[in-house]
Amino acid sequence: MIYTDRASAGRALGGHLENLHATYPLLLGLPRGGVPVAAAAREIIGGDLDILLVRKLGVPWQPELAMGAIGEGGVRVLNQDVLAHIGITPQEFAEIEDVERAELERRRLVWRGDTKPIPLDGRDVVIVDDGMATGATVVVACRVARLYQPVRLVVAVPVSSAEALRRVAAEADQVICPLVPRTLGGVGTVYEDFHQLEDDEVTALLA
């Protein structure tokens, strides 16, 4: 299966989420790539759309490989399997985390500003990304979301590695993923159009 773009992946994903329609769920896209997927899924199942701000802590020489991730509220999750094999020093890790925390704050100002996030408590919450390779970013997103006591926490992604699914299943009440390749070279390999989204594209979707 190859998705045309993130919107087509989101519509396909929405078909697997139709049982949530009656609950008027809150879909939380992980910027940037998860936002168009969440927006398209929302066209199918309804509900509210917001963002959940998290940042991957990528290995310096292989940025797509997550050695951990951070989220709002000072939440951090480490990918010990990766850390055990890369030999990065605490100082190098701290420098990367400082950079990503600054970017997290920049994005908060750009996309949220003074606007309060939609409350999660008492809601069926669906965390949406454009795919999972290691699952580290989605794990921290789940942990951030749990702080706000949703009734039910669902993770929905168009594609994932089997390893990431196992990791995320321990954090969410349900994980929905229609495509789990035997080997996943990278999330972008299952998209014809996997361009880097700009800030204004995300702003327009949230508007």
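Which element supplies the largest share of the lining of the largest pocket? Keep that in mind as you open the model, which is a predicted one.

**Stop 1: the largest pocket**

Start by selecting K56, P63, E64, D130 and T137. Of the lining residues, these lie nearest the centre of the largest pocket. Centre your view on them. The pocket around them has a volume of about 1000 Å³, and its lining counts 44 residues in total.

Now colour by secondary structure. Select β3, residues 54–59. Here is the answer to the opening question: β3 gives six residues, the largest share of the lining. Next, add β4 (62–71). Then bring in three helices: α4 (90–111), α5 (136–146) and α6 (162–169). Each of these five elements contributes at least two lining residues.

Switch to colouring by residue class. How many of the lining residues are nonpolar, polar and charged? The split is 19 nonpolar, 14 polar and eleven charged.

**Stop 2: the second largest pocket**

Select L52, P117, I118, L120 and Y148. They are the lining residues nearest the centre of the second largest pocket. Its volume is about 180 Å³, with 13 residues in the lining.

Keep the class colours on. Which class is missing from this lining? Polar residues are absent; nine residues are nonpolar and four are charged.

**Stop 3: a cis peptide bond**

Move to P31 and R32. Show the backbone as sticks. The peptide bond joining P31 and R32 is cis, with omega about -5 degrees. For orientation, R32 sits in the loop that runs between β1 (26–29) and α2 (34–45).

**Stop 4: positive phi at Y24**

Go to Y24. Look in the loop between α1 (6–15) and β1. Phi of Y24 is near 45 degrees, a positive value in a residue that is not glycine. Now turn on the surface. Is Y24 buried, exposed or partly exposed? Y24 counts as partly exposed because its relative accessibility is 45%, and that class lies between the cut-offs of 20% and 50%.

**Stop 5: positive phi at Q149**

Finish at Q149. Find it in the loop between α5 and β7 (152–156). Q149 is not a glycine either, yet its phi is positive, about 55 degrees. Keep the surface on. Is Q149 buried or exposed? Q149 counts as exposed because its relative accessibility is 62%, and exposed means over 50%.

Notes
Residues are numbered from 1 along each chain as its sequence is written. This is a predicted model: local features need pLDDT of at least 70, side-chain atom pairs count only at pLDDT 80 or more; totals for chains, interfaces and linings use all residues. Side-chain values use heavy atoms; hydrogens and water are left out. On a 1 Å grid over the protein atoms alone, a cavity is a set of points where a 1.4 Å probe fits but cannot get out, and a pocket is an open set with protein on both sides within 12 Å along at least five of seven lines; lining residues have an atom within 4 Å of a point. Grid points are joined across faces, edges and corners, and a volume is the space filled by probe spheres set on the points. Helices (H or I, at least four residues) and strands (E, at least two) are DSSP runs, numbered from the N terminus. Ala, Val, Leu, Ile, Met, Phe, Trp, Tyr, Cys and Pro count as nonpolar, Asp, Glu, Lys and Arg as charged, and the others, Gly among them, as polar. Buried means under 20% relative accessible area, exposed over 50%, partly exposed in between (1.4 Å probe, protein chains only).
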